[in-house]
Amino acid sequence: MAFTLYSLIQAAILCVNAVAVLHEERFLSKIGWGVDQTVGGFGDEPGVKVQLMNLVRSVRTVMRVPLIAVNAVCIVLLLLFG
Amino acid sequence: MDYTATQSGFRQRKLQPNMRLRTSLVDGSEGSQLFEDTSGAASGPQTGYSNQQAGPQAAGFPGQSILSDPMSNLAMAYGSSLASQGREMVDKNLDRFIPISKLKYYFAVDTVYVGKKLGLLVFPYMHENWEVSYQQDTPVAPRFDVNAPDLYIPAMGFITYILVAGLALGTQNKFSPELLGVQASSAFVWLIMEVLAVLLSLYLVTVNTDLTTIDLLAFSGYKYVGMIVGVVAGLLFGRPAYYLSLLWCCVAIFVFMIRTLRLKLLSEAAAEGRLVRGAKNQLRMYLTMSIAAAQPIFMYWLTYHLIR
């Protein structure tokens, strides 16, 4: 129960790392979550699955490069301060 | 918006007499002043101040010539313009990250509103009209509409919860000052996680709503009132009282959240109570129910370790 803000930040970094390592063609397409499978469903009501796929794809696109820096900082902090 | 401008202007006018009183007190007591009076206008009793001026100033210069020197005037003018430029830049950039003007809306409350809202949080069963009234597209300030969300009650409730938690831990002989900080950051982290989870689920269900992040923060902060009532009852009257009052407040918050969120998340027809078919409406209903059900869970989770 003793959460601190730092542990929340660590948990967030781990979750974003987990989303970023999902490979597009090796994994997501195999389980039906690839980008080419988002096209179905015209009209203004994309379902939950399509929204989730879009979210995964946008997190991967946006956070790939900043994650390098954030992970490096996190590793250095962990090495220095445990 | 007009109301808030005049009200805050009124409050500023009330503050100024206090400030004038303070400065007149400082000027009046010449012998024992708290701050150095470096204004150039106080030229008469300069000799009385020379004991209290900083060293380099008193070294050979009479107190006046420093401040009437044109170079130092120029330096002062340049310094003050630099400071105001810096402050403008900070304000502009700060406004981009934390919308200060929008935050002011959430603190525009008065005593009557707070009283009514607290009553509503504990007993929402008699209230009939849950709609937020608008004034030309902008929602009315919380002062004028008891249904509008505000941040005053959640903020005060959070601080009171931390203090009451410290008190409760003290009765168990477990108190130390660091524990207050731990409780505060714990509760804050749970609050942030809850708001993020609600935002994520609102995104996934593609609800077109005008609920902002700060609104969600306000709604999530309303449960602190129930938690405080439960813990105080438990401290005063023992464990059965804690469970009873917590149960009452949990049910009250559940009903409050459902009735408030129903108007914001569900479509028009469903909000009026008519049965509407369709997977999307069902999803929205489940979303509303789960947001409302998460409140009692958090209320119990954050307080059960305080009453042993």
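Start by selecting A:R60 and A:E24: these two form a salt bridge, with the closest N and O atoms 3.2 Å apart. Keep in mind as you click around that this is a predicted model.

Now colour the helices that hold the pair. A:R60 sits in helix α3 of chain A (residues 48-81), while A:E24 belongs to helix α2 (residues 24-28). The two residues are 36 positions apart, so this salt bridge links distant parts of the chain.

Stay on A:R60 and turn on a surface. Is this residue buried or exposed? A:R60 has a relative accessible area of 10%, so it counts as buried, the cut-off being under 20%.

Next, zoom out to the whole of chain A. Here you'll find three helices and zero strands, running α-α-α from the N terminus. Of the 82 residues in chain A, 18% are buried. The chain exposes about 5800 Å², and carbon and sulfur atoms supply 72% of that area. If you switch on contacts with a separation of 6 or more, 58% of those in chain A come from residues 24 or more positions apart.

Time to hop over to chain B. Select B:K223 and B:E194, whose side chains meet in a salt bridge at 2.7 Å, N to O. B:K223 lies in helix α11 (residues 223-237) and B:E194 in helix α9 (residues 177-204), so the pair ties together parts 29 residues apart in sequence. Check the surface here too: B:K223 is buried at 2% relative accessibility, and B:E194 is buried as well, at 5%.

How many salt bridges does the structure hold over all chains? There are two, so you can stop hunting.

Technical notes. Residues are numbered from 1 along each chain as its sequence is written. Chains are lettered from A and ligands numbered from 1 in the order in which they are written. This is a predicted model: local features need pLDDT of at least 70, side-chain atom pairs count only at pLDDT 80 or more; totals for chains, interfaces and linings use all residues. Side-chain values use heavy atoms; hydrogens and water are left out. A salt bridge is a side-chain nitrogen of Lys or Arg within 4 Å of a carboxyl oxygen of Asp or Glu. Helices (H or I, at least four residues) and strands (E, at least two) are DSSP runs, numbered from the N terminus. Buried means under 20% relative accessible area, exposed over 50%, partly exposed in between (1.4 Å probe, protein chains only). Contact means heavy atoms within 4.5 Å. Accessible areas come from the Shrake-Rupley method with a 1.4 Å probe; for residues, only the protein chains shown count as cover.
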